[in-house]
Structure formats: C-alpha cells, structure tokens
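Thank you all for coming; I would like to walk through one model this morning and keep to what can be read from its coordinates. Please have the sequence and the structure open as I go.

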Amino acid sequence: SGFSSIGHMDTMLRRRHHIGHYKEGEEFIQNVFHVLFLLFSGKEKSNLSVCWLQYEISKVVQCLQTKNKKKLKAQGRKSKKLAKNLLKAPDNRNQLSLWKLYAYLEWLLGNIDDARKVFDTALSTAEAGGLKSPQLCSLSLLYAQLEVELLESLEGVVTSRAVHILTKLAESGPYVPYSGQVLSVNVLKARKTYEHALQDYLSKTPVSGQDQVSNANQLVNLVGCYALFQYLTVGIDAAVLIYAQTSEKLEAPGPQKCENTGENFGIQNFPTALEAVTLLHTNLLRFHMKISVYPLNPLREALTEALKRYPSNQSLWRSYIHIQRKSHSASRARRFFDGVTRSTNSLEPWLFAIQAEQMRKKLIENVQRADVGEIHSTIPETGLTNRIVALFEHAVQSENGTHCPLLWRMYLNFLV
C-alpha cells in the first residue's frame with residue numbers, strides 16, 4: 001500500500017488484528033537478511049545469524065503478548081525452521097549464542113522439555129571454560145533464570161535444577177545433565193569459586209578497547225550467576241549484598257587518565273556494566289516479591305536511584321510503573337517523574353509519565369463504570385485528562401519531543 005509501517009511500530013491500543021508485522025515490511029526485512037547473508041562469512045555471518053534469530057524471537061514474543069494462539073503456532077514453526085537451518089551451517093555448530101537463542105525460543109513456545117534438551121546439549125558439547133568463558137556464563141545464566149521463574153516457592157530449592165546448572169558452571173569440568181539432586185559439598189566448593197572469580201574480576205588491571213567490552217559483559221554474567229546462586233542457596237539478602245558490592249566497585253572513580261592518549265581505561269569507567277547489574281538487581285527483587293513476602297521499599301529505592309542515573313532505560317521504567325500501580329497515592333511518582341524530566345533530555349521519562357497517568361485514568365474509569373443495576377456512572381475524570389494533556393504539551397515542547405513521531409501519534413490518539 002506504499003505507506004504501511006515497515007516491521008512493526010505499533011504502540012497504540014488498536015483492534016487486535018492490527019497488531020503484528022505488516023506483510024510488505026516483513027518481506028522487506030526477510031529480503032535484507034537473505035541478501036546480507038550471502039555477503040558475509042565467518043564471525044560476521046555468525047553475528048548476523050544471531051540478529052536474525054533475535055528478530056524471529058521478537059515476533060514470537062509479540063504473538064505471546066497479543067495471546068494469539070493460532071498465529072503463535074504458525075510463527076513458532078517458521079522461527080524454529082530458521083533456527084535449525086542456521087545451526088546446520090558449519091560455522092555455527094559451536095556458536096553458543098545461537099544455541100542459547102534456539103533453546104530460549106523453544107522455552108517461549110512452551111516446549112520446556114525440548115528447551116532443556118537443547119540447553120543440556122549445548123552445555124555438554126561446549127569446551128570447558130567454566131567462569132572464564134563469557135558465552136558459557138551467559139548460556140548458564142539464562143538457563144538458570146528460566147528454571148527459577150518456574151519456581152512457585154523457595155522450599156527445597158537448594159537441590160533444584162537451577163542450582164545444579166550454576167554449580168556445574170563453577171566446577172568448569174564437563175557438564176552432566178540434572179539427575180534430581182545436588183550435593184551440598186559441591187555447593188560449598190562452587191560458592192568459594194564464585195567468590196574468588198568475582199574478586200579477581202573486580203581487582204583486574206584495566207584494559208582498553210574491545211577487550212573492555214567483553215570484560216564488562218563477562219563481569220555482568222558472572223555477577224548474575226553468583227547472585228542467583230546465593231539467592232537460591234542462602235537467600236535474598238546474600239544476593240543483594242553481591243549487587244551492592246559490585247555496584248560500589250563499579251561506581252568508584254576509575255584509574256587516572258592514560259598519559260599519552262588521554263583516554264580513561266578500566267572497567268570502572270564502563271557504565272553499561274553498572275546499568276546491566278542494576279537491571280539484574282531490580283529484576284531479582286521483583287521476582288522475589290512475586291513468590292514470597294518482602295517489603296516494597298528496597299525495590300522502590302533501587303529503581304529510583306537507577307532511573308536518576310539511567311533516565312532512558314525502558315526496562316527500569318516499566319518496572320517502576322508496575323510497582324507504582326500498586327500504590328494508591330500518585331503524588332510520589334508524579335514528583336519523581338517531574339524531577340527526572342527536569343534533569344534530562346531523554347524522552348523516555350515523558351513517555352512513561354504519560355503512560356502511568358493513562359493507566360491510572362483507565363483504572364478510575366473502569367471503577368466508575370462498574371454496573372450498578374440500571375445506573376451507569378458517567379462522570380468524566382477531567383482532572384486526569386487535563387493532567388495528561390499538560391504532560392503531552394510539555395513533552396512536545398522539549399527538544400527531543402518535537403521530533404518524535406511516536407509522541408505526536410500518542411497525543412493525537414489520546415485527543416481522539
């Protein structure tokens with residue numbers, strides 16, 4: 001039709017059948033991948049395979065969000081076929097990041113046993129590198145996180161599959177699939193190994209360039225594995241302590257600038273590591289609150305601190321909105337949004353402030369329109385409407401907001 005959106009840009013609440021990937025846009029993207037695939041080889045080709053599979057997984061996630069089972073089944077078949085074809089390529093057979101995505105895809109489609117088989121196969125065939133192998137750490141962390149999400153309570157969790165995965169990773173020997181028990185002596189040994197590995201990483205001599213990126217990623221995976229291990233074997237406080245220690249170390253001012261180049265070296269100056277660790281920390285607190293009784297304040301404090309530092313992190317904002325929905329007082333969240341929007345040029349705080357108010361408006365309208373016999377309450381909630389319009393007005397006047405099509409579309413959509 002010439003102007004339908006490429007891929008997906010659907011953020012408005014429309015009728016269900018609109019949501020998804022437009023046919024023309026989808027064909028265009030597939031063609032791009034096919035053409036690029038012929039141009040690359042070796043490492044670049046593997047990286048492209050990872051991007052392609054991530055894109056396919058995003059479509060599966062979208063089907064899950066819209067709860068469209070028929071579409072999910074068809075999309076699942078297509079995505080799995082692609083994943084298998086990519087893994088058949090000789091260069092990709094030992095590519096752990098691809099195996100990880102394939103296992104995750106199976107998990108999302110609800111094939112838990114198949115996903116476990118894929119994870120186990122990948123871990124068994126990988127070269128034993130233990131905590132020193134970034135890909136192995138990343139794969140084990142995802143596997144353990146998915147297993148933990150299946151838990152309904154923390155009883156008897158010390159002998160769970162997740163603990164087995166994290167213990168085996170620390171042993172850095174050949175991986176053996178889970179047989180139903182974990183020896184406590186292995187757990188003790190693994191704890192010591194994690195402790196030493198983390199100390200080594202945090203006291204490492206600074207490096208430069210590309211090594212710094214992989215070092216930062218490796219540190220995040222290591223901290224994630226260690227904290228999750230402590231959470232399952234000791235408790236939430238032990239896990240939070242690790243995040244606190246790591247953050248403190250990463251926040252510390254880095255070594256002095258290098259004389260000749262004037263560049264800062266060292267993992268300390270690598271903010272993405274700190275941001276990723278913060279995200280792991282808040283996600284773990286959210287999960288813990290879901291399956292057991294725990295106060296809201298530690299999570300709220302962690303999120304507000306993190307958002308002041310990373311005002312454009314969408315995952316952190318989503319978590320913040322999620323916990324604010326539970327509180328009946330909107331004033332604290334409004335003050336916080338107001339403070340953040342004043343101190344940053346990012347557009348995310350505006351978008352999420354608007355979304356939070358729209359959710360509040362929807363909630364109030366649902367309560368007001370509850371059927372009471374023949375009488376329907378139709379008092380419009382003008383206070384919130386005016387507040388949302390004011391937020392839109394301020395947002396579109398900001399430097400970034402003026403040039404953001406999404407913001408204008410949301411504004412028009414709201415006024416309609």
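Let me begin with a single cysteine, Cys404, which is buried, its relative accessible area being 12%. I should say at once that this is a predicted model, and everything I report is computed from it. Another cysteine, Cys225, is also buried, at 0% relative accessibility. What, then, does a search of the whole structure find in the way of disulfides? It finds zero. For Cys225 the reason is distance, because the closest cysteine sulfur, that of Cys137, lies 4.8 Å from its own, which is too far for a bond; the cut-off applied here is 2.5 Å between the two sulfur atoms.

Stepping back to the whole chain, we have 416 residues, of which 44% count as buried, and a secondary structure that comes to 18 helices and zero strands. If we take the contacts between residues at least 6 apart in sequence, 58% of them join residues that are at least 24 apart.

Now to the interior. The largest nonpolar core has 112 residues, and the members that touch the most others are Tyr194, Leu228, Tyr231, Leu232 and Leu407. Helix H9, residues 209–233, gives the most to this core, contributing twelve residues. As a general remark, nonpolar side chains in soluble globular proteins tend to be buried together. Looking at Leu232 in particular, and leaving aside residues up to four places away in sequence, we find that it touches Val148, Leu151, Val157, Val158, Ala162, Val163 and Leu166.

Among those partners, Ala162, Val163 and Leu166 are buried residues of H7, and that helix deserves a moment of its own. Helix H7 spans residues 161–171, and because ten of its eleven residues are buried, it is largely enclosed by the rest of the structure. The buried set also includes residues such as Arg161, His164, Thr167 and Lys168.

What surrounds H7 in sequence? On one side, the loop between helix H6, residues 134–149, and H7 holds Gly156, which is exposed, with a relative accessible area of 58%. Gly156 and Thr233 are 77 residues apart in sequence, yet their C-alpha atoms are 9.7 Å apart in space. On the other side, H7 is followed by Ser172, in the loop that leads from H7 to helix H8, residues 184–202. Ser172 is partly exposed, at 37% relative accessible area, and has a positive phi of about 50° although it is not a glycine. Most residues other than glycine have a negative phi.

Lys67 also has a positive phi without being a glycine, in this case about 55°. It sits in the loop between helix H2, residues 42–65, and helix H3, residues 69–88, and, with 65% relative accessibility, Lys67 counts as exposed.

Finally, a helix pair. The axes of helix H4, residues 96–108, and helix H5, residues 112–125, come within 7 Å of each other and cross at roughly 165°, so the two are roughly antiparallel. Their crossing is left-handed. The residues making this contact include Leu96, Trp99, Tyr102 and Trp107 from H4, and Ile112, Val118, Phe119 and Ala122 from H5.

I will stop there and take comments.

Technical notes:
Residues numbered from 1 in each chain as written. Predicted model: local features only at pLDDT ≥ 70, side-chain atom pairs only at ≥ 80, totals over all residues. Heavy atoms only, no water. Core = buried A, V, L, I, M, F, W, Y, C linked by side-chain atoms within 4.5 Å. Buried < 20%, exposed > 50% of the residue type's maximum accessible area, 1.4 Å probe, protein only. Helix = DSSP H or I, 4+ residues; strand = E, 2+ residues; numbered from the N terminus. Contact = heavy atoms within 4.5 Å. Axes fitted to C-alpha atoms, helices over the stretch in contact; angles between N-to-C directions. Parallel < 35°, antiparallel > 145°, perpendicular 65-115°, else oblique. Left-handed = near helix turned anticlockwise from the far one by under 90°.
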